[in-house]
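Let's take a friendly walk through a protein model. Have the sequence and the 3D view ready, and follow along residue by residue.

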Amino acid sequence: MFSGRIERLSYFIQTLVLFIISMFVMLLPLIGFVLLVLITVYTIALSAKRLRDLNYNAWISLIMLIPAINIVFWIYLCVAPGKDADGIDDTTQHITDNKG
């Protein structure tokens, strides 16, 4: 669950859906709390994957547990371009040398 990478659009859509689901889950008394904990763990797992895509340490995803800071952190994870395994932005074009 905490391994792998995830691109920003997929991260944005999944976390947005989880946020909407959590709004409805909060209306449930006891089972709602259990489901919110599961949603929180899954959101942290998604953030860890996104951080790996940005070549950061996955432990930084625990910032999602800090109120107010987590909103700024979520926005950053949604807009920052991913990097490949070499640390090069996915948005940059690779120029190949074509020697005859």
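## Ala 80, tucked away

Start with Ala 80, which counts as buried because its relative accessibility is 7%, and the cut-off for buried is under 20%. Keep in mind that you're looking at a predicted model. Ala 80 sits in the segment after helix H3.

Who sits around Ala 80? If you skip its neighbours within four places in sequence, Ala 80 is in contact with Arg 8, Arg 50 and Leu 54. You can also look at Asp 53: the C-alpha atoms of Ala 80 and Asp 53 are separated by 9.8 Å, and the two residues are 27 apart along the chain.

## Arg 50 and its partners

Let's move to one of those contacts. Arg 50 lies in helix H2. Is Arg 50 buried or exposed? With a relative accessibility of 0%, Arg 50 counts as buried. Not counting residues up to four places away in sequence, Arg 50 touches Ile 6, Glu 7, Arg 8, Tyr 11, Leu 77, Ala 80, Pro 81 and Gly 82.

Arg 50 also has a charged partner. Side chains of opposite charge can pair when their charged atoms come close. Here, Asp 53 forms a salt bridge with Arg 50, with the closest N and O atoms 2.6 Å apart. Both residues lie in H2, 3 residues apart, which is about one turn of the helix.

## A small salt-bridge network

How many salt bridges are there? The count comes to 2. Besides the one just described, Asp 53 forms a salt bridge with Arg 5, where the closest N and O atoms are 3.4 Å apart. Asp 53 is in helix H2 and Arg 5 is in the segment before H1, so this pair ties together parts that are 48 residues apart in sequence.

The two ends of that pair differ in how covered they are: Asp 53 counts as buried at 9% relative accessibility, while Arg 5 is partly exposed at 40%. Through shared partners, the salt bridges join Arg 5, Arg 50 and Asp 53 into one network.

## Helix H3 and its two faces

Now for helix H3, which covers residues 69-79. Which of its residues are buried? They are Phe 73, Leu 77 and Cys 78. These residues cover an arc of only 140° around the axis, which puts them on the same side of H3. It helps to remember that an α-helix has 3.6 residues a turn, so residues three or four places apart point the same way.

Turn H3 around and you'll meet the exposed residues Ile 71, Val 72 and Val 79, on the face turned away from the buried side. As for the buried side, its cover includes helix H1 (8-25) and helix H2 (30-53).

## The nonpolar core

In soluble globular proteins, nonpolar side chains tend to be buried together. In this model, the largest nonpolar core has 14 residues, and those with the most contacts inside it are Tyr 11, Leu 46, Met 64, Phe 73 and Leu 77. H1, H2 and H3 each supply at least two residues of this core, and H2 gives the most, with 4 residues.

Zoom in on Leu 46. Leaving aside neighbours within four places in sequence, Leu 46 is in contact with Ile 6, Tyr 11, Gln 14, Thr 15 and Leu 18.

## A nonpolar patch on the outside

Nonpolar residues show up on the surface too. A nonpolar surface patch of about 1,200 Å² has Leu 9, Phe 12, Ile 13 and Leu 16 among its members. Leu 9 lies in helix H1 and is exposed, with a relative accessible area of 51%.

Ile 13 is also found in H1. At 43% relative accessibility, Ile 13 counts as partly exposed. The C-alpha atoms of Ile 13 and Cys 78 are separated by 9.4 Å, and these residues are 65 apart along the chain.

## Stepping back

Now zoom out to the whole chain. There are 3 helices and 0 strands, and from the N terminus on the elements run α-α-α. Of the 100 residues, 26% count as buried.

The accessible surface comes to about 7,000 Å², and 71% of that belongs to carbon and sulfur atoms. Finally, among contacts between residues at least 6 apart in sequence, 60% join residues at least 24 apart.

How values were computed. Residues are numbered from 1 along each chain as its sequence is written. This is a predicted model: local features need pLDDT of at least 70, side-chain atom pairs count only at pLDDT 80 or more; totals for chains, interfaces and linings use all residues. Side-chain values use heavy atoms; hydrogens and water are left out. Buried means under 20% relative accessible area, exposed over 50%, partly exposed in between (1.4 Å probe, protein chains only). The arc is that of the directions from the helix axis to the C-beta atoms. Contact means heavy atoms within 4.5 Å. A nonpolar core is a set of buried Ala, Val, Leu, Ile, Met, Phe, Trp, Tyr and Cys residues joined through side-chain atoms within 4.5 Å. Patches are made of residues with over 30% relative accessible area and no salt bridge: like charges are joined within 9 Å, nonpolar side chains (Val, Leu, Ile, Met, Phe, Trp, Tyr) within 5 Å. Accessible areas come from the Shrake-Rupley method with a 1.4 Å probe; for residues, only the protein chains shown count as cover. A salt bridge is a side-chain nitrogen of Lys or Arg within 4 Å of a carboxyl oxygen of Asp or Glu.
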